[in-house]
Amino acid sequence: MPEAVRRIVAVQAQEAASPYVALWNRVAAFDPADLDAAFRNQSVVKASLVRITLHAVHAADHPAFHEAMVSTLRAARLFDRRFTSTGLTTADADALVPDLVEFASRPRTNAEFEARLRARLGDLPKPGPWWALRTFAPIVHAPTGGPWSFGPRPSYVAAPATPGTADPGVSLARLVRRYLEGFGPASVRDIAQFSLIRVPPIREALASLGGDVIERTGPQGTTLYDVAGAPLPAEDASAPPRLMAMWDSVLLAYADRSRIIPPDYRRLVIRQNGDVLPTLLVDGFVAGVWRPTPGGIEASAFHALSAADWRGLEDEARALRAFLAERDPTVYRRYGHWWTTLPAAEVRVLAG
């Protein structure tokens, strides 16, 4: 299972079920117990990384990914009014990190970290410094149980003691190369969107990779980058129907979202508050959304689909319903309110 996660590069994990559904989509005969075990033994870790959101990554990637992202993570939190209102400085925050990492030698809850900080700093305005520190300190989420390893009350532990490079430039180059391994060919803007790192450092990282990276010409003459020797699928390669996880990484890995999401559908599946709904893919493009219901998997298509497309979705829904039945048949239920505002050309309950 760690190797599957490594190949995907970074699996979106903002919702605890999503890494499981994402791997179910990509790995033949996927056994969720294998991912449970990988989280427990920390061969796969869950942490705030690219796009300043939670992702599951291979443990060997975490040090470089964290080192490449830490300045972005720090800036996103330490210049936010929720941190500045505490009266602490960025130097104060950095000085607190070593003690918190030592405290996280075993899993600790939010409440425990907050109590630790109160004992040192006294009472501070909410949400307090822990809200910021937990995003960029070298800690990862510790499994807490439940159907998807991580429950609603998170716990944290120090990141595995795998050595980094102590060179942010080298770490960024590794992150860029790993991104291209999973998502290339892609533009500089795509890499920036995936990571939320500024364009100039990304250009420097690409230059440092030298012959490891090649250039291709994309639509409208856009320069795209890829790993040298990476295979490309044939233009007529089939793209079977898929039922994708919420926040699936493939939907968010490009600045040009039209590579996967037709422009007319972007605001339907990526909500204004940032929620990214579980989608139907047909011929490799988003064609609608899905959710579990008591009667089966409800599929809402945004345009008319062929009978063959519906048969493919029915097969996927049958497999997904069986997969969810042993874990959480009503996964993503708290996001169901979005469906009251979604248009649909056709709605079907599949695998009933």
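Let's start with helix α8, which covers residues 129-136 and is mostly covered: seven of its eight residues are buried. The buried ones are Pro129, Trp130, Trp131, Ala132, Leu133, Thr135 and Phe136. Keep in mind as you look around that this is a predicted model.

Now move along to helix α14, residues 307-325. How far apart should the ends of α14 be? With 19 residues at 1.5 Å a residue, the helix should span 27 Å, and its end C-alpha atoms are indeed 27 Å apart, so expectation and model agree. Next, look at which parts of α14 are hidden. Asp309, Trp310, Gly312, Leu313, Glu316, Ala317, Leu320, Phe323 and Leu324 are its buried residues. If you look down the axis of α14, these buried residues fall within an arc of 155 degrees, which means that they line one face of the helix. A general rule helps here: an α-helix has 3.6 residues a turn, so residues three or four places apart point the same way. On the other side of α14 you will find Ala307 and Arg311, which are exposed.

Helices also pack against one another. Such a pair is described by the angle between the two axes and the distance between them. Take helix α6 (residues 90-103) and helix α7 (residues 110-121): they pack at an angle of about 135 degrees, and their axes are 11 Å apart. Are they parallel or oblique to each other? Angles from 65 to 115 degrees count as roughly perpendicular and those over 145 as roughly antiparallel, and α6 and α7 are therefore oblique. Their crossing is right-handed.

Let's turn to the strands. Three of them make an open sheet in the order β4-β6-β5, and the pairing is antiparallel. At the edges of this sheet are β4 (108-109) and β5 (139-142), each of which pairs on one side only. Two bridges link β4 to strand β6 (residues 155-158) in the antiparallel sense. To see this pairing up close, find Arg108, which stands opposite Tyr156 in β6.

Another antiparallel pair is made by strand β7 (residues 213-217) and strand β8 (residues 223-227), joined by five bridges. Within this pair, Arg216 has Leu224 in β8 as its bridge partner. What do β7 and β8 form together? They form a hairpin, with five residues between the two strands. In the turn, look for Gln220, which has a positive phi of about 55 degrees.

Conventions
Residues are numbered from 1 along each chain as its sequence is written. This is a predicted model: local features need pLDDT of at least 70, side-chain atom pairs count only at pLDDT 80 or more; totals for chains, interfaces and linings use all residues. Side-chain values use heavy atoms; hydrogens and water are left out. Buried means under 20% relative accessible area, exposed over 50%, partly exposed in between (1.4 Å probe, protein chains only). Helices (H or I, at least four residues) and strands (E, at least two) are DSSP runs, numbered from the N terminus. The expected span of a helix is 1.5 Å times one less than its number of residues. The arc is that of the directions from the helix axis to the C-beta atoms. Two strands pair if DSSP finds at least two bridges between them. Axes are lines fitted to C-alpha atoms, for helices over the stretch in contact, and angles run from 0 to 180 degrees between N-to-C directions. Angles under 35 degrees count as roughly parallel, over 145 as roughly antiparallel, 65 to 115 as roughly perpendicular and the rest as oblique. A crossing is left-handed if the near helix is turned anticlockwise from the far one by less than a right angle, and right-handed if clockwise.
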